[in-house]
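The following exercises concern strand pairing, burial and backbone geometry in a predicted model. Each task is followed by a worked solution.

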Amino acid sequence: MGSVDGGKLRFCIDRGGTFTDVYAEIPGRPEGRVMKLLSVDPANYDDAPVEGIRRILEEFTGQKIPRSSKVPTDKIEWVRMGTTVATNALLERKGEKIALCVTQGFKDLLQIGNQARPSIFDLTVSKPSNLYEDVVEIDERVELVLAKDVKSDSSAPIVQGISGELVRVVKPLNEEALKPLLEGLLRKGITCLAVVLLHSYTYPHHEISVEKLAMSLGFKHVSLSSALTPMVRAVPRGFTACVDAYLTPVIKEYLKGFISKFDEGLSKLNVLFMQSDGGLAPESRFSGHKAVLSGPAGGVVGYSQTLFGLETEKPLIGFDMGGTSTDVSRYAGSYEHVIETQISGAIIQAPQLEINTVAAGGGSKLKFQFGAFRVGPESVGAHPGPVCYRKGGELAVTDANLILGYVIPDYFPSIFGPSEDQPLDINATRVEFEKLAKQINFYRKNQDPAAKDMTVEEIAHGFVNVANETMCRPIRQLTEMKGHETKNHALACFGGAGPQHACAIARSLGMKEVLIHRFCGILSAYGMGMADVVEEEQEPYSAVYGPESVLEASNREATLLRRVKEKLLVQGFKEENITTETYLNLRYEGTDTAIMVKCVINENGSRADYAVEFVNLFQQEYGFKLQNRNILICDVRVRGIGVTNILKPRALEPGSGTPKIEGQYKVYFGNGWHDTPLFKLENLVYGHVICGPAVIMNGNSTVIVEPSCKAIITKYGNIKIEIESIHNVVEVAKEVADVVQLSIFNHRFMGIAEQMGRTLQRTSISTNIKERLDFSCALFGPDGGLVANAPHVPVHLGAMSSTVRWQLNYWGDNLNEGDVLVTNHPCAGGSHLPDITVVTPVFDKGKLVFFVASRGHHAEIGGITPGSMPPFSKSIWEEGAAIKAFKLVDKGIFQEEGIRQLLLFPSADESAHKIPGTRRLQDNLSDLHAQIAANQRGISLIKELIEQYGLEIVRSYMKHVQVNAEGAVREMLKSVAAKVSSESAKVEGDSVIIEEEDSMDDGSIIHLKLTIDGQRGEAFFDFSGTSPEVYGNWNAPEAVTAAAVIYCLRCLVNVDIPLNQGCLAPVKIYIPPGCFLAPSDKAAVVGGNVLTSQRITDVVLTAFQACACSQGCMNNLTFGDDTFGYYETIGGGSGAGPSWNGTSGVQCHMTNTRMTDPEIFEQRYPVLLHRFGLRENSGGAGVHRGGDGIVREIEFRRPVVVSILSERRVLAPRGLKGGKDGARGANYLITKDKRKVYLGGKNTVEVQAGEILQILTPGGGGWGSL
């Protein structure tokens, strides 16, 4: 393994959340020394990594090293370490006390973030807490100089920013005014700052001045967003600065403590730390924002450097299964980095290995709920842990593995019980499973009296299968989202629990090969010794790609390369051991999807064209090319690598003889118990072949080799398992739902809808779909009944079912393989015209078996105003192109001419009126192609499912998942009936009757009489008494009301059931024809989807007494001219509930779209954002307060047409149970002569350059009287 310098030891350490793993190379020994310690064990030692080093040095030298004395460094060559100190501090919110310094007008920028709520069905809208304790608004401002800038008379100086963009310094930093504010922070005990000023990525001077002033006043740490991540986007840059300021002092404190335990400190101790990007850094360069994935990064380095190219040529999927979560990654010859990731509510913008985490691990809780098996996402934790840990815990995946014989107590440390010397308690686990078996079998007998009782083993096996399917979902996403076939990979499995599940997961994914490293239990630690030292430099550069800009970019590269090389030379690397990589961050003009493109060197030594590489990568990832589009450069990045070549895998000599069986154990596989031989890896040699079923003990890790699989010991001492592909169709009972398969099919159907969504997001071009995520995808039965709807935008939920059914009735037998339908008309099940739905029928052997559909919001569809959201439309034809039924693809042929005609020439009922057609035809066509591609993805996944299970089974389970969801809703309705009957509702027999109404701002009433049958679990939503169709555009098609009802029911169930037709089975909805919730096909409806839907939701949730009213509006803002259009919806306050305060500045209920970042907003559009913050005290008072609304102030830099479509400007969002109402919203125009003009709730206005639009969004209602 490489020579060990002069008899010194090398240590690789991974300090995890539960265990610390140590791998040491010892002179004169071919094998390394492996040690596992508890990360926190204060009764025995202060610090696990130091303790590991101390114990191994004692072994090696034979000399006692007392814990009270310092560890000698004369026998240590180096230490490489990864640590979860930063991750844990972030997750547990135990970082440093910090303050945020931000441009005036933006103090709530990070609290609002992108305004989306983390979980759309969580009425409490719980978000992770802020990292900062205080905010200082700095009176400074720079703005970008735009090409058509009207402000040329301004006296403010113009300078060129780092990115090449011109910047106007409108307000220089006022240090005198800032000084007392910073001194005030010091008096509060805050000594660390995070600084994010608008456009500091290109003009960092103000941030640098803040740092100088703060350090001179006595602050101990200042994190500048411009220094950490000089990229456009203020929100992720600000979060990154906060994470860094919050964590760096904690890390420095830990490192100082660690180093102080050694006799010579840093002067003699060569220690490097693993960063999130898979590179090592010395202590002085190891900072918070690069430390969050320190441990998992070691595992990626470990498997990639020891398996790829040595054990297999296939690309690898890394599968690291721990106690509470599983990390999934991919390696195909080079590390896959992402520039942005989200951890515990904080967006971190820095190069990191792409590692996807799923909340499923050995500690995931097992539950039987609503007739289905559920695994996670809650975890039993390390304390009390699973039942078998003897601490009174709950059933977890580890317990199921123990029952099945996948965990063998004889080979598991005996560290349990009061004196920590007892083995795992299999009896207690069996008792708990027997209790669960009674509950499951009682349920099954009710469903089918002839059902045979499930044994404890069958139940445990079922839970393991469901857990495996949960973990397969992120693997499919990681590969297929990038256009790679999952089955063409090998599974590289490590972590404590991973090898128990490896064969089953590989088989589920169609993989033929599993690789398990001999150090799989400590691979993250081992990987530390294989990593290189990495230094990165990056700077923004904004230009159109072309000969001149490429030359400028290469000049910038050269400067950055010099810097990284200098940093590595200072660390002692020789020139020949330094390699470099250069990148340009490129995107197509008009899109927001940048790709970091690595410079490729041709065989003749010349550099390949970045643009060619970008187009290829874009096509591979998104499935299409954009013709005649400029490519823009965003950033220049270089990566310097100091090659360490420290640990090298050592090849073994081929062995002989038969493998030694250590014992026989009973192990349960799908078809019963098997007598299974157990082997120890240390007694196996290169060339040994073991046929399954078998158990191989690899240290503390149990490797399960399933029947019909074959394990081979490789020449590097690792285990390669060959998976035999089984072609026979999986046998499943189809008449009565199998409780295990029900959960698996729920996952599979939901996974199909999610993957369709990812394909649509990837292949679309418009901001609305790609960035704001205003789309939904779903899967339907042959009758048009909803099977699974990925939870994208709530207002689309369940609503597409009526669209599919309308098309099915319209086309009848005239549907053929290769047809794709398009529609957006409200009377054909649509919501409003911008939401275009693409429906594809799915055939199997000539028979219609399914439908798939995708609905996306197109920013432009024609109509009387740009952006197709006219505030004053009175008839549908004023709102743009309206399509009831059209074959977009007819028997495989795309009907381009037909769709162009429909979009460009909307048919007006009044021939005298010429209504403009779409202003962005190419974008419409591109997004329609993306929707077709998303549907196609869904079809291929359904066909895979049919191949695996057979058509009959798949169709049966479509029905079963609907029945399962129906059961969940019935149970919820029964419990709600019991709850509300004791309160204010009217009771008639078994039924509870509640009447509720609310009004739109024009006085139109939504009246609901809700009757809940508590005996049968049924509800009747009767909207009789609702006002008639309005002469305006807030009429709502019937599908919108159905979506609002299904959304409310799903929120109230509060269990992760799939959204399908079953949710509505126990529900009847009556809407009187001709009212504004069931308007005629001529009525204008553009506001119904975005305004009335919110009011229906408020009425339904108030009837259920679930929570106070939320802001009740989407605050739709559009502006533009003949050259561009922009659309956004603005968040507000959510309503308080019986046990929670409302959340401020968030998208509520029927929408969850993202907000454009302030810097992107100003860079792409002729606007200045003066204020974007919370509207203080706009939430209603009460025992629990409603959330506050938002204030948004936009100055326009050239004449544009602005349209606002909003509600709750007259009638306030109501409180509940005595809570006060939230504040009403308001829209104002501040004219050039400083007049403040009230615009009302709905208006279109031609604004001039220099005029300001001020939007105040409503607060949420309060709960409970004070």
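**Exercise 1.** Determine in which sense β30 and β31 pair, and over how many bridges.

*Solution.* Step 1: β30 and β31 pair in the antiparallel sense, and five bridges join them. Step 2: to fix the register, take A694, which stands opposite V705 in β31. Step 3: turn to the connection of this hairpin, which has two residues between the strands; there G699 takes a positive phi near 65°. Step 4: consider the surroundings of β31. S701, V703 and V705 point one way from the strand, T702 and I704 point the other way, and all are buried. Five of the five residues of β31 (residues 701-705) are therefore buried, so the strand is largely enclosed by the rest of the structure.

**Exercise 2.** Identify the peptide bond geometry between G692 and P693, and locate P693.

*Solution.* Step 1: omega is about 5° for the bond that joins G692 and P693, a cis peptide bond. Step 2: P693 lies in the loop between β29 (689-691) and β30 (694-698).

**Exercise 3.** Establish which strands pair with β21, and describe how β21 is covered.

*Solution.* Step 1: strand β14 (residues 316-321) pairs with β21 in the parallel sense over five bridges. Within this pairing, D320 has F494 of β21 as its bridge partner. Step 2: β21 is also joined to strand β22 (residues 513-516), by three bridges, and these two strands run parallel. Here A492 has L515 of β22 as its bridge partner. Step 3: follow the chain from β21 to β22. Together with helix α12 (residues 498-508), the two strands make a right-handed β-α-β unit. Step 4: examine the two faces. A490, A492 and F494 are buried on one side of β21, and L491 and C493 are buried on the other. The strand, residues 490-494, is thus mostly covered, with five of its five residues buried.

**Exercise 4.** Find which residues touch the most other members of the largest nonpolar core, and which helix gives the most to this core.

*Solution.* Step 1: among the 134 residues of the largest nonpolar core, those that touch the most other members are F373, F433, L491, I696, I721, F749 and L779. Step 2: helix α11 (residues 456-480) gives the most to this core, contributing eleven residues. Step 3: a second, separate core has 87 residues, including L110, Y246, Y1126 and F1196. Step 4: inspect one centre in detail. Leaving aside residues up to four places away in sequence, the contacts of F373 include I440, M454, I459, F463 and V466, as well as V739 and V740.

**Exercise 5.** K845 and R1208 both have a positive phi; decide for each whether the residue is buried or exposed.

*Solution.* Step 1: K845, which is not a glycine, has a phi of about 50° and is found in the loop between β37 (835-844) and β38 (847-857). Because its relative accessibility is 81%, K845 counts as exposed. Step 2: R1208, likewise a residue other than glycine, has a phi near 60° and is found in the loop between β50 (1200-1205) and β51 (1226-1230). Because its relative accessibility is 0%, R1208 counts as buried.

**Exercise 6.** Which side chain of opposite charge is nearest to D14, and what does D14 touch?

*Solution.* Step 1: D14 is placed in strand β1 (residues 9-15). Step 2: the nearest side chain of opposite charge is K36, 7.7 Å away; D14 is buried yet has no salt bridge. Step 3: apart from residues up to four places away in sequence, D14 touches F19, T20, D21, G82, G295, S524, A525 and M528.

Terms used
Residues numbered from 1 in each chain as written. Predicted model: local features only at pLDDT ≥ 70, side-chain atom pairs only at ≥ 80, totals over all residues. Heavy atoms only, no water. Helix = DSSP H or I, 4+ residues; strand = E, 2+ residues; numbered from the N terminus. Buried < 20%, exposed > 50% of the residue type's maximum accessible area, 1.4 Å probe, protein only. Lys, Arg positive; Asp, Glu negative; His and termini not counted. Salt bridge = Lys/Arg side-chain N within 4 Å of Asp/Glu carboxyl O. Contact = heavy atoms within 4.5 Å. Core = buried A, V, L, I, M, F, W, Y, C linked by side-chain atoms within 4.5 Å. Pairing = 2+ DSSP bridges. Right-handed = clockwise from strand over helix to strand, strands pointing away.
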